[in-house]
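Visitor: I would like a close look at one part of this model, taken slowly and with the residues named. Could you begin with the chain as a whole and then settle on a single helix and what surrounds it?

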Amino acid sequence: EIGSGLVGSEMCIRDRAIITPAETQQSNIAKYLKQHTNEQNLEVFLTWRNTINSSLSQNNNYRELLAKELHSEEAVKTVQNQLSKTGLYLLNSEGKYKLAINYDKIYKLYGKHIPADWALYLKDLSIEQKCSPNILPDKEQNLVMWEDFANTYPNFEEIYVIYEKMQHYEKDYFTSGVFKGKKNNANIYKDEVVVAYDKFSDKHPYSNYCLLYTSPSPRDRSL
């Protein structure tokens, strides 16, 4: 049983309704969402999300407990099955497991009952969550996806999060933080980075990233 023993008394996965939109509670939640406004439903979601994030960031014991609990593939499957009834799941990050919000499940629950910008945000988060951080096409997809979101909803309440994601994927996809050298106090990218921008520009001609550099010489382009 996944309970307070796993993540600490502050966050019992199975016992707290605000933490767990479990199967036994989802009918009640769905009924609530239908009876209230999108703005009221958004407040419910944000309260739930903020409580989750606060609990995960403040409770360090759950990491050690997870490590003890997840001692085999069978144990991982057991925990995942129990978490499938919640809004959380086990995220495997570089061989280590941690609890994370299952945005696919949350989007399906809240998506039709919250403002359009937040619904798209949850949908995009669910797409991002299914992508591999090490696959180049996934990085490209996420970069384009978050740029489209920023262009569609420039006044989104948490637009700073979107910009942070765009900066992360731009650096990861194009430059990997590596520069060729300095010229006239400008950052000069390696040739393969220039090629990456060229290919991206051809594929996505309306992207703002197509305007990041200009130069007559393909070997002398800078931001």
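Guide: Among the contacts in the chain with a separation of 6 or more, 55% are between residues 24 or more positions apart. The model is a predicted one, and its chain has 223 residues, of which 43% count as buried. Its secondary structure comes to 10 helices and 4 strands, and along the sequence these follow one another as α-α-α-α-α-β-β-α-α-α-α-β-β-α.

The part to settle on is helix α7, which spans residues 116-130, and which can be described through its packing against helix α6 and against helix α8. Two packed helices are described by the angle between their axes and the distance between the axes. For helix α6 (residues 103-110) and α7, the axes come within 8 Å and cross at roughly 155°; angles over 145 degrees count as roughly antiparallel, and α6 and α7 are therefore roughly antiparallel to each other. The crossing of these two helices is left-handed. On the α6 side the contact is made by Tyr103, Asp104, Ile106, Tyr107 and Tyr110, while α7 contributes Ala119, Leu122, Lys123, Leu125, Ser126, Gln129 and Lys130. By character, the residues of this contact divide into 7 nonpolar, 2 polar and 3 charged.

One of the α7 residues in that contact, Ser126, repays a closer look. Ser126 has a relative accessible area of 5% and is buried, since buried means under 20% relative accessible area. Not counting residues up to four places away in sequence, Ser126 touches Tyr103 and Asp104, and both of these belong to the α6 side of the contact. The C-alpha atoms of Ser126 and Ile106 are separated by 8.6 Å, with their positions 20 residues apart along the chain.

Turning to helix α8 (residues 136-152), α7 packs against it at an angle of about 175°, with the two axes 11 Å apart, and that makes α7 roughly antiparallel to α8. Here Asp117, Leu120, Tyr121, Asp124, Leu125, Ile127 and Glu128 in α7 meet Gln141, Asn142, Met145, Trp146 and Phe149 in α8. The residues of the contact of α7 with α8 divide into 7 nonpolar, 2 polar and 3 charged. Leu125 is named in the contact with α6 and again in the contact with α8.

From this second contact the view can be widened to the interior. In soluble globular proteins, nonpolar side chains tend to be buried together. In this model the largest nonpolar core has 44 residues, and the members that touch the most others are Phe45, Tyr121, Trp146 and Ile162. Helix α9 (residues 159-175) gives the most to this core, with 7 residues. Tyr121 of α7 and Trp146 of α8 also appear in the contact between those two helices. Leaving aside neighbours within four places in sequence, Ile162 is in contact with Tyr121, Trp146, Phe149, Ala150 and Phe156, and of these Tyr121, Trp146 and Phe149 are likewise named where α7 meets α8.

A last point, away from the helices, concerns Ala100 in strand β2 (residues 96-101). Ala100 is buried, with a relative accessible area of 12%, and, apart from neighbours within four places in sequence, Ala100 is in contact with Gly87, Leu88, Tyr89 and Leu91. The C-alpha atoms of Ala100 and Leu90, 10 residues apart along the chain, are separated by 6.3 Å.

Notes
Residues are numbered from 1 along each chain as its sequence is written. This is a predicted model: local features need pLDDT of at least 70, side-chain atom pairs count only at pLDDT 80 or more; totals for chains, interfaces and linings use all residues. Side-chain values use heavy atoms; hydrogens and water are left out. A nonpolar core is a set of buried Ala, Val, Leu, Ile, Met, Phe, Trp, Tyr and Cys residues joined through side-chain atoms within 4.5 Å. Buried means under 20% relative accessible area, exposed over 50%, partly exposed in between (1.4 Å probe, protein chains only). Contact means heavy atoms within 4.5 Å. Axes are lines fitted to C-alpha atoms, for helices over the stretch in contact, and angles run from 0 to 180 degrees between N-to-C directions. Angles under 35 degrees count as roughly parallel, over 145 as roughly antiparallel, 65 to 115 as roughly perpendicular and the rest as oblique. A crossing is left-handed if the near helix is turned anticlockwise from the far one by less than a right angle, and right-handed if clockwise. Ala, Val, Leu, Ile, Met, Phe, Trp, Tyr, Cys and Pro count as nonpolar, Asp, Glu, Lys and Arg as charged, and the others, Gly among them, as polar.
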